[in-house]
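Here is a colleague's note to read beside the model, written as numbered points. Please keep the sequence and the structure in view while going through them.

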Amino acid sequence: MAAMIELDGLTKFYGDFHALRGVSFSIEEGDIFGYIGPNGAGKTTSIKILATLLRPDSGTARIAGHDVIRNPQAIRGLIGYMPDFFGVYDEMTTYEYLDFFAACYN
């Protein structure tokens, strides 16, 4: 089976803070994967990179063979990303919120 998600040497800095240090792993099609760790471990940063919301400082990230830097539009059509906190739209119902994000990514 082909890897659906691949991170290779992914690195990200926020100023002097090293959020990701060469993270590498792959998730094969059909795998069930739990991404756990303490706060500040880099989970959200790596998910935001995979969702094409952040650019890595080095390394590569691919979803279904599409590179997050070279082909972000292809990735946005394949994935769903729902942040756990998005305070701008507090008055939306759950359905409206999901519909809004789905429309943003086709």
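1. A residue is called buried when its relative accessible area is under 20%, exposed when that value is over 50%, and partly exposed in between. With these limits, buried residues make up 25% of the 106 residues in the chain. Please bear in mind from the start that this is a predicted model, and that the points that follow describe this model.

2. On the overall layout, the chain has 3 helices and 4 strands, and read from the N terminus the elements follow the order β-β-α-β-β-α-α. The C-alpha atoms fill a box of roughly 40 × 35 × 25 Å along the principal axes. Among the contacts with a separation of 6 or more, 44% are accounted for by residues that stand 24 or more positions apart.

3. On the surface and the charges, the accessible surface of the chain comes to about 7,200 Å², and carbon and sulfur atoms hold 54% of that area. The chain carries 8 positive and 13 negative side chains, and the centres of these two sets lie 9 Å apart.

4. How are the strands ordered in the sheet? The sheet is an open one of 4 strands, arranged S2-S1-S3-S4 with antiparallel pairing. Its edge strands are S2 and strand S4 (66–67), each of which pairs on one side only. It is worth tracing this order on the model, comparing it with the order of the elements along the chain, β-β-α-β-β-α-α.

5. Strand S1 (residues 3–14) and strand S2 (residues 17–28) run antiparallel and are joined by 8 bridges. Across this pairing, Leu7 stands opposite Phe25 in S2, and Tyr14 stands opposite Phe17 in S2. The hairpin that S1 and S2 form has 2 residues between the strands, and in this hairpin Gly15 takes a positive phi near 65°.

6. The structure holds 3 aromatic pairs. One of them is the stacked pair of Phe25 and Phe33, with 5.1 Å from centre to centre and 20° between the planes; the pair counts as stacked because planes under 30 degrees apart are given that name. Ring pairs link Phe25, Phe33 and Tyr35 into a cluster. Is Phe33 buried or exposed, or does it fall in between? Phe33 is partly exposed, because its relative accessible area is 40%, a value between the limits of 20% and 50%.

7. Two residues deserve a careful look at the backbone, since each has a positive phi although it is not a glycine. For Thr52 the angle is about 65°, and this residue lies in the loop between helix H1 (43–50) and strand S3 (58–63). For Ala64 the angle is about 50°, and this residue lies in the loop between S3 and S4. As to their surroundings, Thr52 is buried, with a relative accessible area of 12%, whereas Ala64 counts as partly exposed at 32% relative accessibility.

8. Within strand S1, Thr11 and Gly9 can be read side by side. Thr11 is buried, with a relative accessible area of 10%, and, leaving aside its neighbours within four places in sequence, Thr11 is in contact with His18, Leu20, Arg21, Gly22, Pro56, Asp57 and Ser58. Gly9 counts as partly exposed at 25% relative accessibility, and its contacts, with the same neighbours left aside, are Gly22, Val23, Ser24, Ser58 and Gly59. Gly9 and Pro56 are 47 residues apart in sequence, while their C-alpha atoms are 9.9 Å apart in space.

9. Which residues does Thr45 contact, beyond its neighbours within four places in sequence? Thr45, which lies in helix H1, is in contact with Lys12, Tyr14, Ala19, Leu20 and Leu54. Thr45 is classed as buried because its relative accessible area is 10%, which is under the limit of 20%. Of the residues in that list, Tyr14 has already been met in point 5, where it stands opposite Phe17 in S2.

Terms used: Residues are numbered from 1 along each chain as its sequence is written. This is a predicted model: local features need pLDDT of at least 70, side-chain atom pairs count only at pLDDT 80 or more; totals for chains, interfaces and linings use all residues. Side-chain values use heavy atoms; hydrogens and water are left out. Buried means under 20% relative accessible area, exposed over 50%, partly exposed in between (1.4 Å probe, protein chains only). Contact means heavy atoms within 4.5 Å. Accessible areas come from the Shrake-Rupley method with a 1.4 Å probe; for residues, only the protein chains shown count as cover. Lys and Arg count as positive and Asp and Glu as negative; His and the chain ends are not counted. The place of a charge is taken as NZ of Lys, CZ of Arg, CG of Asp or CD of Glu. Rings of Phe, Tyr and Trp (its six-membered ring) pair if their centres lie within 6.5 Å; planes under 30 degrees apart count as stacked, over 60 as edge-to-face and the rest as tilted. Two strands pair if DSSP finds at least two bridges between them.
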